Amino acid sequence: MTEHDDHTRRKRRPFAGLRNNFLAGLVVVVPIAVTMWMIWTFVGWIDSWVLPFVPARYHPDSLIDTFFGDSQWFKMLFGEDVRVNVRGLGVVVFLMFTVFVGWIAKGLIGRSFLAWGESLVDRMPVVRSLYNGIKQIAETIFSQSTETKFDKACLVEYPRKGIWAIAFISTKAKGEIDKRIPVDEDIISVFLPTTPNPTSGFLLFVPRHSVIALDMSVEDAAKLVISAGLVYPNSKNPAQPPDLISEIKIE
């Protein structure tokens, strides 16, 4: 391409630089805005469940009105008869309540009371199945043991040979599953997520030689699944996220 052609092309596209800057700005602004919106929405959802159990006089807007409602600076800043919506008290109460329940449950009295309550639940047919299923899921997700966490991403051939899919290594198959599969090597249980919702997927039991471990982190693999292959990890260092801003190009 000659210098004249390049100059002509720039004349025809005078706003190319502006578009590049706008897209680069979106890469910075959109994640921040969406994250703040999700946090604000989640905190409001928790407050909507917890605050009804808190006396109205202890709500943040009532306390602000009690202590600062008659102040001149407050009236000048917010105006007359304005109630300031402050979120977060419900989250604080929920965290304190959860910590307190956990502290009680770890003691002898708490364990005895919990065992008595579960014995009552075991006598209820429908409630028993629902409670035990939710409890098992919660214990698996929130367990502090490293055996119950995905710590490695991998590739497996699914749904047929020659087609590869990203999965997460769970644990080594145990018990009846390991005994019944007629393979003379370790059987690995892997979770294969779906796109764009990685919380749903398939549990697969595959021989160890069929699993290809990846250097990328579990977070990067999840991003790759959620984005339908658009967001790839850093090729130079899979442990570091890619530089998205530098990769934005407009033809």
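Hi everyone. Let me start in a loop: P159 lies between β1, residues 153-157, and β2. The peptide bond leading into that proline, from Y158 to P159, is cis, with omega near 0 degrees. Please keep in mind that what we have on screen is a predicted model.

There is another bond of this kind to look at. The peptide bond from T195 to P196 is cis, again with omega near 0 degrees. P196 is found in the loop between β3 and β4. For context, most peptide bonds are trans, and most residues other than glycine have a negative phi.

That second point brings me to A228. Its phi is near 60 degrees, a positive value in a residue other than glycine. Where does A228 sit? It is in the segment after α9, which covers 218-226. Is A228 buried or exposed? Its relative accessibility is 56%, and the cut-off for exposed is over 50%, so A228 counts as exposed.

Now let me zoom out for a moment. The secondary structure of the protein chain comes to 9 helices and 5 strands. If you read along the sequence, the pattern is α-α-α-α-α-α-α-β-β-α-β-β-β-α. The chain has 251 residues, and 20% of them count as buried. Its accessible surface comes to about 19,500 Å², with 65% of that belonging to carbon and sulfur atoms. For those of you who like contact statistics: among contacts between residues at least 6 apart in sequence, 45% join residues at least 24 apart.

Back to the strands, and to β3 in particular, residues 187-193. How many of the residues of β3 are buried? The count is 7 of the 7, so this strand is largely enclosed by the rest of the structure. In a regular strand the side chains alternate between the two faces of the sheet. For β3, I187, S189, F191 and P193 are on one side, while I188, V190 and L192 are on the other. All of these residues are buried, and both faces of β3 are covered.

Which strands does β3 pair with? One partner is β2, residues 164-172, which runs antiparallel to β3 and is joined to it by 4 bridges. As an example, K172 has I188 in β3 as its bridge partner. Another partner is β4, residues 201-207, also in the antiparallel sense, over 7 bridges. Here you can pick out S189, whose bridge partner in β4 is F205.

Let's turn to the helices. What is the arrangement of α2, residues 16-50, and α5? Their axes come within 7 Å and cross at roughly 70 degrees. That makes α2 roughly perpendicular to α5. The crossing, as α2 passes α5, is left-handed. If you want to select the residues at this meeting point, take V43, I46, D47 and V50 in α2, which meet L89, G90, V91, V93 and F94 in α5.

Helix α5 also turns up in my last stop, which is α3, residues 60-68. Which residues of α3 are buried? They are P60, S62 and I64. What covers them includes α4, residues 72-78, and α5, residues 89-105. So you can follow α5 from its crossing with α2 to the cover over α3.

That's my tour. Thanks for listening, and I'm happy to rotate the model for anyone who wants another look.

Terms used: Residues are numbered from 1 along each chain as its sequence is written. This is a predicted model: local features need pLDDT of at least 70, side-chain atom pairs count only at pLDDT 80 or more; totals for chains, interfaces and linings use all residues. Side-chain values use heavy atoms; hydrogens and water are left out. Buried means under 20% relative accessible area, exposed over 50%, partly exposed in between (1.4 Å probe, protein chains only). Helices (H or I, at least four residues) and strands (E, at least two) are DSSP runs, numbered from the N terminus. Two strands pair if DSSP finds at least two bridges between them. Contact means heavy atoms within 4.5 Å. Accessible areas come from the Shrake-Rupley method with a 1.4 Å probe; for residues, only the protein chains shown count as cover. Axes are lines fitted to C-alpha atoms, for helices over the stretch in contact, and angles run from 0 to 180 degrees between N-to-C directions. Angles under 35 degrees count as roughly parallel, over 145 as roughly antiparallel, 65 to 115 as roughly perpendicular and the rest as oblique. A crossing is left-handed if the near helix is turned anticlockwise from the far one by less than a right angle, and right-handed if clockwise.
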